Amino acid sequence: MAQYYEIKIRGHLDQYWSDSFADLELTHLDDNITLLSGLLPDQAALHGLLERIRDFNLPLISVTCGNSDKEN
């Protein structure tokens with residue numbers, strides 16, 4: 001079952017990064033933080049996304065799983 005996630009990364013990423021991150025929505029927050037948010041189909045997709053963040057050497061701030069109005 002798909003779950004909604006919010007992942008915060010240090011730095012402002014350009015929108016072209018969206019393709020690299022499972023087409024999650026990218027939002028620039030204050031304090032030089034990018035929020036990746038959206039539905040991921042399963043835990044394997046989450047782990048794959050976290051591996052990509054690691055491989056790109058992006059500083060991970062937080063991962064939150066929760067409800068969203070976008071959730072099915």
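1. **Ser37, a buried strand residue.** Ser37 counts as buried, at 7% relative accessibility. The cut-off for that label is under 20% relative accessible area. Ser37 sits in strand E3. Setting aside neighbours within four places in sequence, Ser37 is in contact with Tyr4, Tyr5, Glu6, Leu24 and Glu25. Bear in mind throughout that this is a predicted model.

2. **The sheet as a whole.** Ser37's strand belongs to a sheet, so here is its layout. The sheet is open and has 4 strands, in the order E2-E3-E1-E4. Their pairing is antiparallel. Strand E2 (25-29) and strand E4 (60-66) are the edge strands, and each pairs on one side only. From one strand to the next, the twist averages 20°. As background, strands of a sheet pair through backbone hydrogen bonds, either parallel or antiparallel.

3. **E1 with E3.** Strand E1 covers residues 3-10 and strand E3 covers residues 33-40. They pair in the antiparallel sense over 8 bridges. Two positions help to fix the register. Gln3 stands opposite Leu40 in E3. Ile9 has Thr34 in E3 as its bridge partner.

4. **E1 with E4.** E1 and E4 run antiparallel and are joined by 6 bridges. For a landmark, take Tyr4: its bridge partner in E4 is Gly66. Tyr4 also appears among the contacts of Ser37.

5. **E2 with E3.** This pair is antiparallel too, over 5 bridges. His28 has Thr34 in E3 as its bridge partner. Thr34 is also the bridge partner of Ile9. The hairpin of E2 and E3 has 3 residues between the strands.

6. **Asp31 in the hairpin.** Which residue of this hairpin takes a positive phi near 65°? That residue is Asp31. Asp31 is not a glycine, and its place is in the loop between E2 and E3. Most residues other than glycine have a negative phi. Is Asp31 buried or exposed? Asp31 is exposed, because its relative accessible area is 65% and the label applies over 50%.

7. **Asn57, a second positive phi.** Asn57 is likewise a residue other than glycine, and its phi is positive, near 55°. Asn57 lies in the loop between H1 and E4. With a relative accessible area of 67%, Asn57 is exposed. Check the backbone at both Asp31 and Asn57 when you look at the model.

8. **Helix H1 on the sheet.** Helix H1 (residues 43-55) packs on the sheet and touches E1, E3 and E4. The direction of H1 makes about 10° with that of E1. Does the length of H1 come out as expected or not? The 13 residues of H1 should span 18 Å at 1.5 Å a residue. The end C-alpha atoms of H1 are 18 Å apart, which agrees.

9. **Two faces of H1.** Which residues of H1 are buried? They are Leu46, Gly48, Leu49 and Ile53. Seen down the axis of H1, the buried residues fall within an arc of 165°, so they line one face of the helix. These buried residues pack against E1, E3 and E4. The face turned away from the buried side carries the exposed residues Ala44, Arg54 and Asp55.

10. **Leu49 at the helix–sheet contact.** Leu49 is found in helix H1. Its relative accessibility is 0%, so Leu49 counts as buried. Not counting residues up to four places away in sequence, Leu49 touches Ile7, Phe21, Leu24 and Leu40. Leu49 and Phe21 are 28 residues apart along the chain. Their C-alpha atoms are separated by 6.3 Å. Leu24 is also in contact with Ser37, and Leu40 is the residue opposite Gln3.

11. **The salt bridge.** How many salt bridges does a search of the whole structure find? The search finds 1. Asp55 forms a salt bridge with Arg54, and their closest N and O atoms are 2.8 Å apart. Side chains of opposite charge can pair when their charged atoms come close. Asp55 and Arg54 are both exposed. Both are carried on the face of H1 turned away from its buried side.

Conventions
Residues numbered from 1 in each chain as written. Predicted model: local features only at pLDDT ≥ 70, side-chain atom pairs only at ≥ 80, totals over all residues. Heavy atoms only, no water. Salt bridge = Lys/Arg side-chain N within 4 Å of Asp/Glu carboxyl O. Buried < 20%, exposed > 50% of the residue type's maximum accessible area, 1.4 Å probe, protein only. Pairing = 2+ DSSP bridges. Helix = DSSP H or I, 4+ residues; strand = E, 2+ residues; numbered from the N terminus. Axes fitted to C-alpha atoms, helices over the stretch in contact; angles between N-to-C directions. Contact = heavy atoms within 4.5 Å. Expected span 1.5 Å × (residues − 1). Arc of directions from axis to C-beta.
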